[in-house]
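Reader: Please take one part of this model and go through it closely. Give me the cut-offs as you go.

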Amino acid sequence: MIKVSGLTKRYGEHRALNQVSFHIKKGEVVGLLGPNGAGKSTLLNILTGYIFANEGQVLVDGMDMMQSLIAVKRKIGFLPEKPPLYKDMTVKEYLLFVAELNGIAKKDRHQAMEKAAHHTGITHVIKRRIKNLSKGYCQRVGLSQALIGDKEILLLDEPTVGLDPKQIMDMRQLIQELSTTRTIIISSHILSEISVLCDSILLLNKGHMIAHEKVENMIKNALNIHQLILRLGLAGCDQETIIANIKCMEGVLDTYLVGTYESNTWDYSISVNKGYDIRTQLVALCHEKNYPLLMLQPTVLTLEEMFMKLTEEGGA
Ligand code: ADP
Ligand code: MG
């Protein structure tokens, strides 16, 4: 449904996107994930035809964006980071105006407005002025605006930013309902949000696409590394020697000092490749060197930590 190849966007010397390529199938719900400044909004703005890339190609349902801009725009509903709401209009006036902008015939505008309002649960506020609505409702009006014209594709830029927890839950549920019949890209810097809503994740960091994977594969990959927390008493322990001793064990990816969680102790975090169990070796090491071993606990890498690891290593 959406095929992007070699997309590059420069702002002066700065590359907000660098050779980004991916392919999204019809009906897929994709999470566009990355820290602030990763290039998420830039990518969505290009996909909606709001700004243009310096290099690369975007195909939407087989149509080249540059050659068929209007036809492509007809297929795509967009909720920008800051929804373009006219605050003095009532919800109804605004949605009718959006319907007009979308080229919907005058006789059909009312129905289009009602349908979009119904979908997002704002029918009871359509006579109110937008400036008098809560942030959660403004966001829903923004989403209604994106739905007008029965768009097959929805692009939502950080749709839950600035909402309170209840509004976030409502917005997620709304997106879930919409996702049954549409292709959707949702950008977010919050991993947990993406993992509940999406089938797959596009991970962006500093303009580079560093992963495009099914959510369950991401979780599987996260599980491929396990972590141990080692707690040692301070007496007779030289941290650097300990770390060096652990780092040279087979299967160990990384070791570092985490901090103190109990007085006169240090916790070390050790990442180990799946397939290696170094616990017996660690106990033997502590015995041999007389390190006071107080705790040795396996933990799994959370998706959050996995995301941190990928974005630390990926972008440069
Ligand atoms: P995200 O949405 O992931 O937070 P953006 O796409 O907004 O990231 O921005 C990506 C990078 O491009 C950032 O470093 C940002 O400062 C820069 N950038 C975005 N828009 C502009 C612009 N209009 N002019 C110059 N730099 C920009
Ligand atoms: Mg953004």
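**One loop, then the sheet**

Author: Asn290 counts as exposed because its relative accessibility is 65% (buried is under 20% relative accessible area, exposed over 50%, partly exposed in between; 1.4 Å probe, protein chains only). Its phi is positive, about 65°, although Asn290 is not a glycine. The residue sits in the loop between helix 10 (279-289) and strand 14 (293-300). Helices (H or I, at least four residues) and strands (E, at least two) are DSSP runs, numbered from the N terminus.

This is a predicted model: local features need pLDDT of at least 70, side-chain atom pairs count only at pLDDT 80 or more, totals for chains, interfaces and linings use all residues, and side-chain values use heavy atoms, without hydrogens or water. Residues are numbered from 1 along each chain as its sequence is written, while chains are lettered from A and ligands numbered from 1 in the order written.

Lys206 also has a positive phi, about 45°, and is not a glycine. Its loop links strand 9 (200-205) and strand 10.

Now the sheet. It is open, with 6 strands in the order 6-7-8-3-9-10 and mixed pairing. Two strands pair if DSSP finds at least two bridges between them. Strand 6 (76-79) and strand 10 (208-214) are the edges, each pairing on one side only. The twist averages 15° from one strand to the next.

Strand 3 (residues 29-33) and strand 8 (residues 183-188) run parallel, joined by 5 bridges. Leu32 has Ser187 of strand 8 as its bridge partner.

Helix 5 (residues 135-147) packs on the sheet, touching strand 6 and strand 7 (153-157). Contact means heavy atoms within 4.5 Å. The direction of helix 5 makes about 165° with that of strand 6. Axes are lines fitted to C-alpha atoms, for helices over the stretch in contact; angles run from 0 to 180 degrees between N-to-C directions.
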